[in-house]
Every structure is written in C-alpha cells, then in structure tokens.
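Trainee: Please look closely with me at the pairing of charged side chains in this model, and then place those pairs among the surrounding strands and helices.

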Amino acid sequence: MNYYLTGSQAGLIDKYTQDKVGIPGLVLMEKAADVAVQELERRLNGSEGFFSKTRDKILVVAESGNNGGDGVAVARILKTKGYDTYVYEIKGISSSSDSYRKQIEIAKNLNVKFVEPDLKDENVFAEYRVIVDSIFGVGLSREVKGIHSDVIDRINHAREAESYIFSIDIPSGISSSTGHILGNAVRSDMTVTFQYIKYGMLIHEGRDYSGDIICRDIGLYIPDNMEEMMSIVSEPIFYEYENSEIKSLIPQRKADSNKGTYGKVMVVAGSKDVYGAVYMAAESVLRVGAGLVKVVTDIRNRDVLADKLPETMMLTYDSGEFKESGFQDGFEEKLAESVSWADVILVGPGLGTDSVAEHILTSTLRSCDGKKLVLDADSLNVISEMDVETIFEEMTEKTGRGNVIITPHIAEMSRLAKIILDEKAESAAINRIKYIKENPGMVAREVSDRYGVVTVLKDARTVVTSPDDAAIYVNTTGNSGMSTGGSGDVLAGAVAGLLAQMEPSRYSVKEIASATVRLHGTAGDKACLDKGERGMTATDILVALYMNF
C-alpha cells in the first residue's frame, strides 16, 4: 500500500523515526542525498547522452533548512564522484537548521565550490546543464516572495534554455497539502522524494510541476497497517493500492461453480434516446465476471441489446405509454420481482432525468431492501432534484450504511452535495465546482459520512471514501484519453459486476470500489498505449479492462 502524505504528516513520520526509532536526522539526510545522487546519475548517464561529465556543470540551489541540507550533501557527493559541481546559498532566511549548517561545514572542508550569481541577469543559470532545486521542502506553507521568487524565476528560465531541473523531495513552491503553487514554484523535470510520495505532487499544479516522480527508501518509519499510521499522523490519510495487492482484492473464480456463484446484477439504464450507455454498462458487468445480468430499459433498446448482448435478460417498458400514475401493463410488479431477484442493482447510465426516469428510480429504490446499490450518472441527477437527505436516509435504512455506492463526476457532485457545500458559505453561495476541485477528498468524505454511502468521486484523480472512515483512497492510474463518452458507464458496470461477486467476510464495499477504480484506470493506460490519448474510446477501455483478468 502506498501512503501519500501531506507536509505536516511527513514531518510527524520524520519525527517518529528520529525520536521513537532512534535514527538521527543527519543519517536520514545522508541517505536522502545518496539516493538522490543515484537517481540523478541514472538520468545523466542514460541513453539520451545529454550530459558530458568533462564539459557540463551542475548547480545546487539551497536555502538554509533541511531540504537545503539535502542539496548541499548532494553537491558534496557529486564532487567526490568527479562532477563539476557548485552550490548557491540563497541566504534569504535568517535562521538555519543544525543539519544544514553541518552539511555546509562538511562541503567547505571538502572544497565544494560556492557561487554568488547576479540575479539581475535572467540568464544567470544558463551555464549550468543541471540545476538541483533544494530551496524549500514539504513544510512550506507561506507564499514565496522576494529573492526566493526571483531565484525560482531564474531556474525556470534556465529550464526553457534546456537546463535539466532536478528537485529534492518536492518542487520548491508547491504545497505538499494542496498541490497549488505558493506564489511561485520550480517546474521540475524530475523529483526524487523520500519514502512517501507527497499528496500535493499528485494533484493540481503539483502534478505537472513535479515532472517524473521517483520515490526512494531512506529508512523513514513505515507503519505495519492503516491503524498504526493513523495513530502517528494527523487525518486524513491518503492511500492507494499497489498492483500486487489488487489481485487479492478481486473475487476469485472457483472450479466448482455455476452462474449463480458469481452474482446477479440488474442494470437500470438507457432511455428512448440513449442506448449506448446501457450497452456499455451491461457489457462491463458481464466482462468482469458477474454470473447473470438483467437489463431494465426502454423497449426501443431491445433489438440493439438482443443483437449486441444476447447473454443478458431484459425487462422493457415503453416510455411513450407512461402516465402520471405509472405504467399500465404491470411493469411495476415485474420491476419489483427483478429487484428481489438481484444481488446488486446499478441505476443511472443514460436513464434520463424526466418523469419516466424519476418514476423508475423511485420504484426501484422502494423495494431494494438488503441489496447493494450502485448509483451513477442520471440517477444522481434525479436524486439531486429531490429531498437528497431523505432519499439517502431511506436507502441506507433498507440497504445498511455503506452498501450504496455513488459514482458522480465533479458536476454531478456539485448538484448532489449542494446542501453540504452551501453550508460552508459564510455570506454567499460558494462556487461548488471550484470548491470540489480544490477539496475532492474532503467533499467525498463529508458526503459519505452524511449520507451513509461509499463515494467514488471521478476526476483526473478519482477518490473513494466510505462512511465513518478517515482514510481516502486516491487513484493515480489513467490518462486524459479516458475523458470520453462511455468511460464512466464502463466503470459503473465494473463496480457492480465485481460487487456482485464479493465475499462480505473477505472484502468491504470500499475495497471493491477502490480496486475497480484502479483496474479501470490501468485499463485506460493500456488502451492509450494502443490507440493514443486522442484516439481511444470507452470500448477500448472496456476491452483492456477485461483483458486485465
């Protein structure tokens, strides 16, 4: 499992390692410098051949904290390896750490060269082929101004002139908690971070400014489990499964089994104008291994599904015959029977938001006792126009807290969570979409706690939360090619299909949802390799998804 720490959390782990484990800070600094040099040398001596050891210079730019101490140690190690290395001490802060002062002393004893560049010249760093950024570390919380901002401008200008920028732990000026630029920030080609990738490097500007992220072990303490991690660092905890863990989270096939072994899923989707969404969702359910699938959809979709997905059962309705009182042909009774038959019910892809969709949704929810629900797309839009809190309260009474999964994207969440978000406004309504983009994990967690649901909040970094759980799952797989129609339908179907196969004694609903999100993103990455980000479609993602199994 990978933990993604904020700056304050990283500080607590560092303190625990020194105070409780007993590893001195200077030892940790030496290890950090050593692995940073290893990664830099791997880049310098790579096949690209962009660096000449006999001709090119390396500049380490340092400020007087521990991050600067890492950088000065890097300069000293590089010098002993024969590189033409220089150090620029900014000295823009009056105080300095003990470890930093010790590294300066060692470097000067070994005749490392120190320089004082003229910052009035915007090309002042252009002579250096590599610039090592060790100005600010993960603890930065204030705006970068004055000489530090000027230095960062010169570093970024050198990058435009083809200098290679290498950051230590985090690009200077990027918030380790929010991923935003704090006034000004170094745009790196590579960042080597230590033991834990910092959360701010995965989101917002931090994602682009970090360049290639390499995480190396330097001996910082790694808790045995989530509970121990929570006891050491402050909430919330951001984490992600590794590929090696996913297999254990996927329900396994059994030699002695039948179609009933792998669950029954009812897919309520599509409308008189939309057939693609129901097809993508239903096929995804089947392709991840669910045993039986019944589709509830408008009669106009019957022929397409019979041709494309003959494996599914169908219950159809004619939206043209819908009256205020409902359907007149016994459809509601058949729908209730289908709900009773199913283990998992997926509602929403392409369903529409008209009175027909609302009637079908509420009829489905009326008889969902003891079921697991996946609510996607239009079902969430319909609910957002109703009494949201009452709807979810009634759902969780029927299903149990944590047995409903919602899969909104940012815009859908802005409507669904409007009560929660508007409560945060002091004098006027906040920009809901902007607020969610800024705080996806926090919003998802509040929705989960308040409504009793597992929340899969879809975005460039999808997050998964569950009720009464401080841990937030963050997905780092996937790419921009997945921003295409039908991608969300594939995900919703996969979640429902795997949920139908889960063994409650072995897995939680959140674990299944989180594993599916990672598999979906990984499938998107595989599809991208074949089709490219511009050319890939949801069908490509679907094919790559079931090939993962």
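Mentor: There are 27 salt bridges in the structure, a salt bridge being a side-chain nitrogen of Lys or Arg within 4 Å of a carboxyl oxygen of Asp or Glu. The model is predicted, so local features need pLDDT of at least 70 and side-chain atom pairs count only at pLDDT 80 or more, whereas totals for chains, interfaces and linings use all residues. Residues are numbered from 1 along each chain as its sequence is written, and side-chain values use heavy atoms, with hydrogens and water left out. As a general background, side chains of opposite charge can pair when their charged atoms come close.

Let us begin with a pair inside one helix. E283 and R287 form a salt bridge through their side chains, with 3.1 Å from N to O. Because these two residues are four apart in helix α9 (residues 276-287), about one helical turn separates E283 from R287; helices (H or I, at least four residues) and strands (E, at least two) are DSSP runs numbered from the N terminus. E283 counts as buried because its relative accessibility is 9%, while R287, at 39%, counts as partly exposed; buried means under 20% relative accessible area, exposed over 50% and partly exposed in between, with a 1.4 Å probe and protein chains only.

A second pair is built from loops. R300 makes a salt bridge with D318, their closest N and O atoms lying 3.3 Å apart. This pair links distant parts of the chain, since R300 sits in the loop between β11 (292-298) and α10 (302-308) and D318 in the loop between β12 (313-317) and α11 (331-341), 18 residues away. R300 is partly exposed at 43% relative accessibility, and D318 is partly exposed too, with a relative accessible area of 22%.

The third pair joins a loop to a strand. K458 and D376 meet in a salt bridge between their side chains, at 3.4 Å from N to O. K458 is in the loop between β16 (454-457) and β17 (463-465), and D376 is in strand β14 (residues 372-376), so the pair ties together parts 82 residues apart in sequence. Both K458 and D376 are buried. Elsewhere, salt bridges connect E39, R42 and R216 in a network.

Now to the sheets. Eleven strands make up an open sheet with mixed pairing, in the order β1-β9-β18-β17-β16-β15-β14-β13-β10-β11-β12, where two strands pair if DSSP finds at least two bridges between them. The edges of this sheet are β1 (2-4) and β12, and each has a single partner strand, so one side of each is left without a neighbour in the sheet. On average, neighbouring strands here are turned by 20° against each other, direction ignored; axes are lines fitted to C-alpha atoms, for helices over the stretch in contact, and angles run from 0 to 180 degrees between N-to-C directions.

The strands on either side of the K458 loop, β16 and β17, pair in the antiparallel sense over three bridges, and T465 in β17 is the bridge partner of T455. The strand that holds D376, β14, pairs with β13 in the parallel sense over four bridges, with L346 opposite V374 of β14. Strand β13 also runs parallel to β10, to which four bridges join it, and V265 faces V344 of β13. In a regular strand the side chains alternate between the two faces of the sheet. Accordingly placed in β13, V344 and L346 point one way and I345 and V347 the other, and all are buried. Helix α9, the home of the E283 pair, lies across β10 (264-268), β11 and β13 (344-347) and runs at about 175° to β11, contact meaning heavy atoms within 4.5 Å.

The network residue R216 leads to another sheet. Seven strands form this open sheet with parallel pairing, in the order β4-β3-β2-β5-β6-β7-β8. Its edge strands, each pairing on one side only, are β4 (113-114) and β8 (212-216). Within this sheet, strand β2 (residues 57-62) and strand β5 (residues 128-134) pair in the parallel sense over six bridges, and V60 stands opposite V132 in β5. Helix α3 (residues 66-80) packs on the sheet and touches β2, β3 (84-89), β5, β6 (164-168) and β7 (190-194), its direction making about 160° with that of β2.
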